[in-house]
Amino acid sequence: MLATVIPAPETVLLDVEGAKERFPVRRVYCVGRNYADHALEMGGDPSREPPFFFQKNADNLYNGKTFPYPPLSSSVHHEVELVVALSAGGADIAVGDALSKVYGYAVGIDFTRRDLQDVAKKMSRPWEAAKAFEKSAPVSALVPASKIGHPQAGGVWLDVNGQRKQSGDLNQLIWKLPEIIAELSKLFVLAPGDVIMTGTPAGVGPVVKGDKVACGIEGVGKLSLTVA
Ligand code: MN
C-alpha cells in the first residue's frame, strides 16, 4: 500500500446475512418519488415522468440499532425503501442486462430533514442538507440475489411504536429495478459497491427521540431501531 499524507478514510462496510465477509460501499444513489401514492402526498405528479436521482454519502449507510436524531431539524421523516447493492457496473446498461449487476438487497430508511428539504425546494437549492446527513441511511443486512432472486412484488411496511405508518408493495414502483439501473447508468458510470435506494411508498411522517421504528420488506428482511 502506498503511503498517504493523512490517514486514508475507511471503506464503509455493510453486513451480509449469513456471511463473514462484508459489502464495501462506493456511492449511494436515491430515487425520488417512485411510488404514485407518495408522489401525490408530496404534491407531485405520479405519472411516468423520467425518474430523478439524488445522493447520500457512502458513510451515511450503516447497520445499527439506533438512529441519532440529527441537529438543525424539528421534522425528520422516515422513508422505508428497498435497497439494491451492485456487484458490477458500467455505463449505458441495457434494461435486459441490469439485474445481472445486482449483488443483493436490503431494507433501509432514507431519513430526511423534511423542514430543510421544504426550504431547499422553495429556494431551488440542492437537497444534501436534507438527505445526506450523518447516519441518515440505516439498512438491514444485505441478502444476496443468489439466495432470494430479484424481488418484484412484496409488502413494504414501516411501524412507529407499533403503529403502521407506511404500507405499500414493490409492485407499485413506478420505475422498476432494471429501469432504475439503466437510467442511472446513462447519467453516471456505475461500479461494484454502488448502492441504490429505490424510493418510498406513502405514509412518510416524523419521528421523535425515543421512538421505536420497525420496517421490513417481504422476502428481503427487517430492520428495527430506536431514535436516540
Ligand atoms: Mn426516499
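Analyst: A note before we start: UniProt positions here follow the numbering used for this structure, and an annotation may be inferred rather than shown by experiment. The model itself is predicted.

User: Which residues does the UniProt annotation "domain: Fumarylacetoacetase-like C-terminal" cover?

Analyst: The annotation comes from an unreviewed UniProt entry. Over its span the chain is 17% helix and 34% strand. The end C-alpha atoms of that span are 22 Å apart. The annotation covers residues 28-227.

User: Which residues are the protein donors of the manganese ion?

Analyst: The donors follow the spacing E-x1-E-x28-D along the chain. They lie 2.0 to 2.1 Å from the manganese ion. Two give OE atoms and one gives OD. The donors are Glu79, Glu81 and Asp110.

User: How many residues apart are Glu81 and Asp110?

Analyst: Both are donors of the manganese ion. Glu81 sits in strand 8, residues 80-86. Asp110 sits in the loop between strand 9 (102-109) and strand 10 (112-113). This pair links distant parts of the chain, with a separation of 29 residues.

User: Is Glu81 buried or exposed, and what about Asp110?

Analyst: The cut-off for buried is under 20% relative accessible area. Glu81 and Asp110 are both classed as buried.  The donor Glu79 has 4% relative accessibility, so Glu79 counts as buried too. For Glu81 and Asp110, then, the class is buried.

User: Which residue forms a salt bridge with Glu79, and what parts does the pair tie together?

Analyst: Side chains of opposite charge can pair when their charged atoms come close. For the Glu79 pair, the closest N and O atoms are 3.3 Å apart. Glu79 lies in the loop between strand 7 and strand 8 and its partner in helix 3 (residues 128-131), so the bridge ties together parts 52 residues apart in sequence. The partner is Lys131.

User: Which residues are linked with Glu79 in a network of salt bridges?

Analyst: The structure holds nine salt bridges. Lys131, which pairs with Glu79, counts as buried because its relative accessibility is 2%. Besides Glu79, the network contains Lys56, Asp110, Arg114 and Lys131.

User: Asp97 forms a salt bridge with Lys101: how far apart are the closest N and O atoms?

Analyst: Asp97 counts as partly exposed because its relative accessibility is 36%. Lys101 has 15%, so Lys101 counts as buried. The closest N and O atoms of this pair are separated by 3.7 Å.

User: Which residue forms a salt bridge with Arg164?

Analyst: The closest N and O atoms in this pair are 2.4 Å apart. The partner has 13% relative accessibility and therefore counts as buried. The partner is Asp159.

User: Which strands stand at the edges of the open sheet?

Analyst: Three strands form this sheet in the order 10-7-16, with antiparallel pairing. Three bridges join strand 7 (residues 76-78) to strand 16. Across that pairing, His78 stands opposite Gly205. Each edge strand has a single partner, so one side of each lacks a neighbour in the sheet; the edges are strand 10 and strand 16 (205-207).

User: Which helix gives the most to the lining of the largest cavity?

Analyst: There are two cavities of 30 Å³ or more, and the largest holds about 110 Å³ of space. Of its 17 lining residues, the closest to the centre are Gly32, Arg33, His38, Glu79 and Lys131. Three lining residues come from the helix that gives the most, residues 114-122, which is helix 2.

Definitions and conventions. Residues numbered from 1 in each chain as written. Predicted model: local features only at pLDDT ≥ 70, side-chain atom pairs only at ≥ 80, totals over all residues. Heavy atoms only, no water. Donors = N, O, S within 2.8 Å, 3.2 Å for Na, K, Ca; no water. Helix = DSSP H or I, 4+ residues; strand = E, 2+ residues; numbered from the N terminus. Buried < 20%, exposed > 50% of the residue type's maximum accessible area, 1.4 Å probe, protein only. Pairing = 2+ DSSP bridges. Salt bridge = Lys/Arg side-chain N within 4 Å of Asp/Glu carboxyl O. 1 Å grid on protein atoms, 1.4 Å probe; cavity = no way out; pocket = protein on both sides within 12 Å on 5 of 7 lines; lining within 4 Å. Points joined across faces, edges and corners; volume = space filled by probe spheres on them.
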